[in-house]
Amino acid sequence: MPAHNTPDPHAEALARTAAEAFRTVYGEEPEGVWAAPGRVNLIGEHTDYNDGFVMPFALPFYAAAAASKSETWEFHSTYDGGSTVRSGRLDGPAVQRVDGWAAYLAGVAWALGESGYPVGPVRIALYSDVPHGAGLSSSAALECAALIALADLYGHEIDRAEAARIAQLAENEYVGAPTGVLDQSASLLCSEGNVMFMDCRDLSREQVPFDLGPEGLTMLVVDTRAPHRHADGEYGARRADCEEAARLLGVSHLRDAPADATLADDRLNRRMRHVLSENERVQATVSILKGGNVSGIGDLLTASHVSLRDDYEVSSVELDSAVDAALGAGALGARMTGGGFGGSAIALVRVEDAPKVETAVLEAAAKADLPEPRIFTARAAAGAHRVL
Ligand code: GLA
């Protein structure tokens, strides 16, 4: 699979760490090292499985996979600067069903085979600095790094959009999480300096320049460090609501619901209202960004949060605290990002206001006795690529 991005020095550093781990564990050089990033979604939340619009960008956090073809499956992973090391062995040359993080590796191997791209065993050493449980797609990063490594090692040229569908298949059918295609597409298809506008119906997409510097802006990511509560069950329940609403309206996906549609059931009506209004907000965001006016998207980000909080009911006390505190301290816009029920929020702020916003977010969390958030500045990084 060809690289779509210029190399990222941080990805190279992680790749060297993964290669070093490979040498230590297996006593030989890896055939190559591949890296895939986590993401934030600028706007377009819970729209992907409704055939709607999304707008993610890749973060400069990566899962790096050092790998070689082998006779048997062997895997090793290191996370969080080496604090956790796990090793294991899949029994024999065939991929066996496994649980835990290795399911991502085994899952993409399985999904590649299902999709007509059979792969054999590999030795692999994974090293990731994508924060876990932060709603920043650490699992998609693992899947995508493993997928491009396996595809390259076994000589398959796979279109990146198809690869995203294959990684989603692994997540849905093998890992067992009923997600849409947002995270895997972001990891595989985003490019440096851009936010990707994508139509999840056909994965057609456009890279929109996302340059905050000229307007004196920056984007903060607030990892609330809150545990994901009921995330899987509630996520599935939202999908089921959307499917039911679409069925009642006689459309295949909520994306096709008429703008003036109403449903008798209040809950389903609110779910639908979120999806339709969010799709409109994404399109409005694209045209404002193309007009070269990043600060103009602030109100859309905040409106997205309100809709997710009130109509879709996927926010949390920690996310609301971060968003409200950021806005109160002068952020131009703020919202939860990703699936919700914990995880991260983003805030668009003027550079000179960033310290004030950070302090306000930390103080609000402390006052409400919430976990201390971790705050960092986002930049639009390179998508998945072979590094070494
Ligand atoms: C999670 C899922 C995605 C998407 C988002 C919400 O990140 O993995 O497919 O549905 O939630 O936009």
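In this predicted model, strand S10 (residues 333-337) and S11 run antiparallel and are joined by 5 bridges. One pairing to look for is Met336, whose bridge partner in S11 is Ala345. The two strands make a hairpin with 6 residues between them, and in this hairpin Gly338 takes a positive phi near 90°. As for S11 itself, 6 of its 7 residues are buried, so the strand is largely enclosed by the rest of the structure.

S11, which covers residues 344-350, also pairs with S9, in the antiparallel sense and over 7 bridges. Here Val221 has Ile346 of S11 as its bridge partner. S9 has another antiparallel partner too, strand S12 (residues 374-377), with 4 bridges between them. In that pairing, Asp223 stands opposite Arg374 of S12.

How well hidden is S9 (residues 217-223)? Its residues are buried, 7 of the 7, so this strand is largely enclosed by the rest of the structure. Cover comes on both faces. On one side sit Leu217, Met219, Val221 and Asp223, on the other Thr218, Leu220 and Val222, and all of them are buried.

Just before S9 in the chain comes the loop that links S8 to S9, and Gly213 lies in this loop. Buried or exposed? With a relative accessible area of 53%, Gly213 is exposed, since the cut-off for that label is over 50%. Ala140 is 73 residues away from Gly213 along the chain, and the C-alpha atoms of these two residues are separated by 29 Å.

S8 belongs to another piece of the fold, an open sheet of 3 strands in the order S2-S7-S8, with antiparallel pairing. The edges of this sheet are strand S2 (53-54) and strand S8 (204-209), each of which pairs on one side only. Between strand S7 (residues 194-199) and S8 there are 6 bridges, and the two run antiparallel. Val195, for instance, has Val208 in S8 as its bridge partner.

Turning to the helices, Thr179 is found in the loop between helix H4 (160-175) and helix H5 (182-189). Although it sits in a loop, Thr179 counts as buried, at 16% relative accessibility; the limit for that label is under 20%. Which residues does Thr179 touch? Leaving aside residues up to four places away in sequence, the list is Gln168, Glu171, Asn172, Gln184, Tyr235 and Arg239.

Stepping back to the whole protein, the secondary structure adds up to 10 helices and 13 strands. The radius of gyration is 20 Å, close to the 21 Å that the globule rule gives for 388 residues, so the protein is as compact as a globular protein of that length. Along the principal axes, the C-alpha atoms fill a box of roughly 55 × 50 × 40 Å. Of the 388 residues, 61% count as buried. Among contacts between residues at least 6 apart in sequence, 74% join residues at least 24 apart.

The outside can be summed up briefly. The accessible surface comes to about 14,500 Å², and carbon and sulfur atoms account for 49% of it. The protein carries 32 positive and 55 negative charges, and the mean positions of the two sets are 1 Å apart.

Methods. Residues are numbered from 1 along each chain as its sequence is written. This is a predicted model: local features need pLDDT of at least 70, side-chain atom pairs count only at pLDDT 80 or more; totals for chains, interfaces and linings use all residues. Side-chain values use heavy atoms; hydrogens and water are left out. The radius of gyration is taken over C-alpha atoms; the globule rule is 2.2 Å times the number of residues to the power 0.38. Buried means under 20% relative accessible area, exposed over 50%, partly exposed in between (1.4 Å probe, protein chains only). Contact means heavy atoms within 4.5 Å. Accessible areas come from the Shrake-Rupley method with a 1.4 Å probe; for residues, only the protein chains shown count as cover. Lys and Arg count as positive and Asp and Glu as negative; His and the chain ends are not counted. The place of a charge is taken as NZ of Lys, CZ of Arg, CG of Asp or CD of Glu. Two strands pair if DSSP finds at least two bridges between them.
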